[in-house]
Amino acid sequence: MPAKKSRAYQNRQKALILQALTDAKFRKLLQENPKKALGTTKLTVEMKKEVQLVLAAVKGINSQISALADELLCANGGGCGIAAG
């Protein structure tokens, strides 16, 4: 794959990930109707893979954010969570 195409592909993935992270309606549409989310009538094999990668990346990032939030909430030394109160 030529470098320009690879860079363009990476930029598109980053843009899709950012939009999926920050726009809940877009994320849901991407999951339920990727053709409509991407503004196309047909998904190529590459586009399908791209959507899967983007959704997997968003899921991973959300998991990391959740874990960090849990750590921050527990960082004050006391108990953690509702049950610890």
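Helices here are DSSP runs of H or I with at least four residues, strands are E runs of at least two, and both are numbered from the N terminus. The model is predicted: local features need pLDDT of at least 70, side-chain atom pairs count only at pLDDT 80 or more, and totals for chains, interfaces and linings use all residues. Residues are numbered from 1 along each chain as its sequence is written, and side-chain values use heavy atoms, with hydrogens and water left out.

**Stop 1: the whole chain**

Select the protein chain. It has five helices and zero strands. Along the sequence the pattern reads α-α-α-α-α.

Switch on the surface. The chain exposes about 6,600 Å², an area that comes from the Shrake-Rupley method with a 1.4 Å probe, where for residues only the protein chains shown count as cover. Carbon and sulfur atoms supply 57% of that area.

Now colour by burial. Buried means under 20% relative accessible area, exposed means over 50%, and partly exposed lies in between (1.4 Å probe, protein chains only). Of the 85 residues, 18% count as buried.

Turn to contacts, meaning heavy atoms within 4.5 Å. Take the contacts between residues at least 6 apart in sequence: 53% of them join residues at least 24 apart.

**Stop 2: Gln 13 and Glu 50**

Select Gln 13. It sits in helix α1, which spans residues 3–22. Is Gln 13 buried or exposed? Gln 13 counts as buried because its relative accessible area is 16%. Leave out residues up to four places away in sequence, and Gln 13 touches Glu 50, Leu 53 and Val 54.

Follow that list to Glu 50, a residue of helix α4. Its relative accessibility is 3%, so Glu 50 counts as buried. What does Glu 50 touch, not counting residues up to four places away in sequence? Show Tyr 9, Arg 12, Gln 13 and Leu 16.

**Stop 3: three exposed residues**

Go back to helix α1 and select Lys 14. Lys 14 is exposed, because its relative accessible area is 57%. Draw a line from its C-alpha atom to that of Ala 57. The two residues are 43 apart along the chain, and the C-alpha separation is 9.8 Å.

Stay in α1 for Leu 18. Leu 18 has 52% relative accessibility, so it counts as exposed. Leu 18 and Val 58 are 40 residues apart in sequence, yet their C-alpha atoms are 8.5 Å apart in space.

Cross to helix α4 and pick Lys 59. Lys 59 counts as exposed because its relative accessibility is 62%. The partner to label is Ala 20, 39 residues away along the chain, with a C-alpha to C-alpha separation of 10.0 Å.

**Stop 4: α2 against α4**

Two packed helices are described by the angle between their axes and the distance between the axes. Select helix α2 (residues 24–32) and helix α4 (residues 45–74). Axes are lines fitted to C-alpha atoms, for helices over the stretch in contact, and angles run from 0 to 180 degrees between N-to-C directions.

The axes of α2 and α4 come within 10 Å and cross at roughly 135 degrees. That angle is why α2 is oblique to α4. Angles under 35 degrees count as roughly parallel, over 145 as roughly antiparallel, 65 to 115 as roughly perpendicular, and the rest as oblique.

Which hand does the crossing have as α2 passes α4? The crossing is left-handed. A crossing is left-handed if the near helix is turned anticlockwise from the far one by less than a right angle, and right-handed if clockwise.

Now show side chains at the contact. From α2, display Arg 27, Leu 30 and Gln 31; from α4, display Val 51, Val 54, Leu 55 and Val 58. By class, this contact has five nonpolar, one polar and one charged residues. Ala, Val, Leu, Ile, Met, Phe, Trp, Tyr, Cys and Pro count as nonpolar, Asp, Glu, Lys and Arg as charged, and the others, Gly among them, as polar.

**Stop 5: Leu 55**

Finish on Leu 55 in helix α4. Leu 55 has 22% relative accessibility, so it counts as partly exposed. Setting aside neighbours within four places in sequence, Leu 55 is in contact with Arg 27, Leu 30 and Gln 31. Add Lys 28: Leu 55 and Lys 28 are 27 residues apart in sequence and 10.0 Å apart in space, C-alpha to C-alpha.
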